[in-house]
Amino acid sequence: MSPARRVRRPNVVALGVLGWLVVVAVPVYAVVVSSVRRREDYLDGGPLALPDAVTADNYLHALRSGFPGYLLNSTLVALGVVALVLVLAVPAAYAIVRSGSRVSARTLRVFLLGLAIPAQAVIVPVFLLVSQLGLYDTLLAVILPTAAFCLPVCVLVLTTAMRDVPEEMYEAMALDGSGPARALVRLVLPLSRHGIATAAVYSALQAWNGFLFPLVLTQSESTRVLPLGLYDFQDEYGTDVPGLLAAVVLSVLPVLVACLFARRALVSGLVGAGGK
Amino acid sequence: MATASPGRVPARAGALRARRGRPSVLWAVPALLFFAVFALAPLGIVAYLSFTSWDGLGAPTWVGGANWSRLLADRDLRDAAWHSLVLTVATWAFQTPVALLLGVWSAGRQRSRAVVSAVFLLPLLLSSAAVALVWKSLLDPNFGLVAELAPRLGFDDASWFSTPEGALTAVLFVLGWQFIPLHALLYQGGARQVPDVLHQAAAMDGAGTARRFWSITLPQLRNTVVASSVLMVVGSLTFFDTVLILTAGGPGTATTIVPLVAYRTGFEGFEMGYASAIAFALVLVATGISLLLVRVTGFGRMHSTREGL
């Protein structure tokens, strides 16, 4: 980094940043600490007190009350969405970037237009469609529309990544007599892997955290995903705050673990842009 | 799979070589079809349903503009629209400066900044449902974090959710807690793309940090500001899960926003026709505002210069 960038900033900025750090860190601390306390201790000591007796009961309780099932459902939904999105968006982005047809620019525009459609607005027809297909209250009912609403961002991310593949390399492939499928597998996929990782992470997070589609399109215990499980947990256990917070921590753990392995892809996946 | 046939001898070698090895535009068809079925067609159906009366079970009956005239006269909806507007404007005014500050600060490449930024990202890993539930517990007036902090900060009463202003402030704060990191990330990316030369040149001219922020960083972040603002505006007009869990629209109807009205009208009142009218009106307004923002700022040209390459 050049020395010119490393100029000290005014303290107002540092104070502001520090302030927000407190705003973020204190609740996170309170959640983690409270989740290992007994319910009576929580009610007595409040959320900030250090736990005098650490207990794993809240976690065990959450694990006993259907949580593993929700975890499995959320995982299946996330995997299904990622697979579907990649299978659809990768060839689409490839065609948009490389087909050289006038139609491809228009295709991209359709997806860009789609960025502006909120899932919330079309939930009634999606509900109708899913019921007509006989998919209501299945995991597929959640997977299909979630994947569809991931497509605009993912196509955008993937086209951006694929445009960075140098023209000369395509020409070299073509000179070798490779068809488009071969060029996709041998050239485009390896060179745009960051973009693909970004699209995958973005879709996985959308699926993992999605609330509206599962809320409207599923109803039974066997198809419940994590966010809905948390929502119902609150109704069921009312004032059992430590129990609820333990469930929240459990629901974040998989994402946190993924974060350790793929921090970069995760960050760009959160923003849904770039990938570099 | 469509592959170029290698057997044909090219007459015009240049033109053919350019086309050979290129995927057909048909490769985009599955994605387009899928998107059309689950997003574009539903939007069309919403438009149609908004002219019908339908309980979600039988067949929709055509009622003409009845839903739309009801929508224009609906006092509850007008209140909800007002809450949505207040929440959108306040969200923008609250989140943009904080996100800008955090984003530009964390764009510095120092290790300490990277560590602190990692803490900032934590809220992003939680689902809306988790964030709302956590804050519902922490803002609990009897046992929550706020119950403990409020007296020390000089507030007598911590029952945020019992007054309209308090509940709206709580929603605003929780949304900020959840989404500021996302926008900070956008600004961080934007700030890192500002060419160093500009900063160096300004530093040579004797510009201080504050001056460089206002004269270089901020103008250079123009596109990011627009993108982030569009996301914020559309987001705060259309989300509803946080409000549903945090306040359920209360106290009374103080935090009832338009998407919540649409959801309840459709899936609790089973008036799918009227719900569709509300939803479609919402899309029109959200799209209108984002198009306006994009046009006014010239942001739209960013994509079009790169299209068809």
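Start at the boundary between the two chains of this predicted model, where the count between chain A and chain B is one salt bridge. To find it, select B:Arg22 together with A:Glu167, which form a salt bridge whose closest N and O atoms are 4.0 Å apart. While this boundary is on screen, colour helix H1 of chain A, residues 11–35, since the largest share of the side of chain A that touches chain B, 12 residues, comes from that helix. Polar contacts can be displayed next, and here the count between chain A and chain B is three residue pairs, both residues of each pair being at pLDDT 80 or more.

Now widen the selection to the whole interface, in which 102 residues of chain A are in contact with 96 residues of chain B. The size of an interface is often given as the accessible area lost when the parts come together. For chain A and chain B that buried area is about 8,700 Å², and carbon and sulfur atoms give 76% of it.

Hide chain A for a moment and look at chain B by itself, where the secondary structure consists of 15 helices and two strands. Of the 309 residues of chain B, 48% count as buried. If you draw the contacts in chain B with a separation of 6 or more, residues 24 or more positions apart account for 66% of them. A surface representation of chain B shows an accessible surface of about 14,800 Å², with 65% belonging to carbon and sulfur atoms.

Bring chain A back and select B:Ser276, which is placed in helix H14 of chain B, residues 272–297. Is this residue buried or exposed? B:Ser276 counts as buried because its relative accessible area is 1%, and the cut-off for that class is under 20%. Leaving aside residues up to four places away in sequence, B:Ser276 touches B:Val46, B:Leu49 and B:Ser50 in chain B, and also A:Val124 from chain A.

For the last stop, select B:Tyr48, which lies in helix H2 of chain B, residues 29–49. With a relative accessible area of 40%, B:Tyr48 is partly exposed, and this value is over the 30% that a residue needs in order to be part of a patch. Which residues make the nonpolar surface patch of about 400 Å²? Add B:Ile45, B:Phe51 and B:Trp62 to the selection, as these residues and B:Tyr48 make that patch.

Terms used
Residues numbered from 1 in each chain as written. Chains lettered and ligands numbered in written order. Predicted model: local features only at pLDDT ≥ 70, side-chain atom pairs only at ≥ 80, totals over all residues. Heavy atoms only, no water. Patch = residues over 30% accessible without salt bridge, like charges linked within 9 Å, V, L, I, M, F, W, Y side chains within 5 Å. Areas by Shrake-Rupley, 256 points an atom, 1.4 Å probe, with all protein chains shown as cover. Salt bridge = Lys/Arg side-chain N within 4 Å of Asp/Glu carboxyl O. Helix = DSSP H or I, 4+ residues; strand = E, 2+ residues; numbered from the N terminus. Buried < 20%, exposed > 50% of the residue type's maximum accessible area, 1.4 Å probe, protein only. Contact = heavy atoms within 4.5 Å. Buried area = accessible area lost by both parts, 1.4 Å probe. Polar contact = N/O pair within 3.5 Å; in protein donor to acceptor, adjacent residues only side chain to side chain.
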